[in-house]
Amino acid sequence: MIVPLDTPLFHLGFNLQAEVNENMSDPIRREIAEELHALSFEEDIACDYHDRPKTISKDEVLIEAIRLIDHPQLRLEEWPDGWILDAARCSDCGVETIEEPTKGFEEALVILPVNRSNNVVSVDTPEPSDVSVLAYSPATEGCHPMTISQMLMDAADPDDVGIARWIRIKGALDGAPDPLRAHLEQLIKQSNEVPTSL
Ligand SMILES: [Zn+2]
């Protein structure tokens, strides 16, 4: 699920042991809340880390939100300037920290409350207090993004700017069919930096 945000947003909600302290998460919550207004998913939200489609039916959804700051390989007609909802995780695929941060991307693990009515899933105008930030990684932290190939980009959604993030690659490797897995492994080998967990 990639949601380009003309009108984005998010939220935090879990009482997990957030590694983000209040001082750090407040600006993120405010930014996300300000950017997300009545975002509609139109249909159910599916987990982006399941190899088989898995709908997320909870009223709070764990989302990886990103802000693209820099990427040496991406050529975009329009550079997104706000937070983007990059990936959703079901409870089976849940994480509480960003184990493999990627340089050039601000990354936040947030919990976003969603409303369901008339078969439409949406996020109403959130207040900063509605957004729960479990983890945050600034763009200066982590490994350089994975090297991307034309083949990978051709296979991806054109708006999928988060595809080279390491947390996504790690999740994709687990369920990737063989040809894709082999290609990803080759790209990982070609990358300047690789998280140790891969
Ligand atoms: Zn899942």
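1. In this predicted model, residues 24 or more positions apart account for 80% of the contacts in the protein with a separation of 6 or more. Two residues are taken to be in contact if their C-beta atoms, placed from the backbone, lie within 7 Å.

2. Residue numbers start from 1 along each chain as its sequence is written. Because the model is predicted, local features need pLDDT (the predictor's confidence in each residue, from 0 to 100) of at least 70, side-chain atom pairs count only at pLDDT 80 or more, and totals for chains, interfaces and linings use all residues.

3. The protein comprises four helices and nine strands; helices (H or I, at least four residues) and strands (E, at least two) are DSSP runs, numbered from the N terminus. Their order along the sequence is α-β-β-β-β-β-β-β-β-β-α-α-α.

4. The average pLDDT is 81, and 83% of the residues score at least 70. Among the elements, helix α4 (residues 178-190) has the highest mean, 93, and strand β1 (residues 39-40) the lowest, 60.

5. Over residues 1-19, pLDDT stays under 50, although the model has 78 contacts beyond four places in sequence for this segment. Where pLDDT is low, the predicted coordinates should not be read in detail.

6. Of the 198 residues, 38% count as buried, that is, with 20 or more other C-beta atoms within 10 Å of their own (exposed: 12 or fewer; partly exposed: in between; C-beta atoms placed from the backbone).

7. Glu100 lies in the loop between β5 (84-89) and β6 (105-113), and it is buried because 21 other C-beta atoms lie within 10 Å. Beyond its neighbours within four places in sequence, Glu100 contacts Gly142, Trp166, Ile167, Lys170, Pro195 and Ser197.
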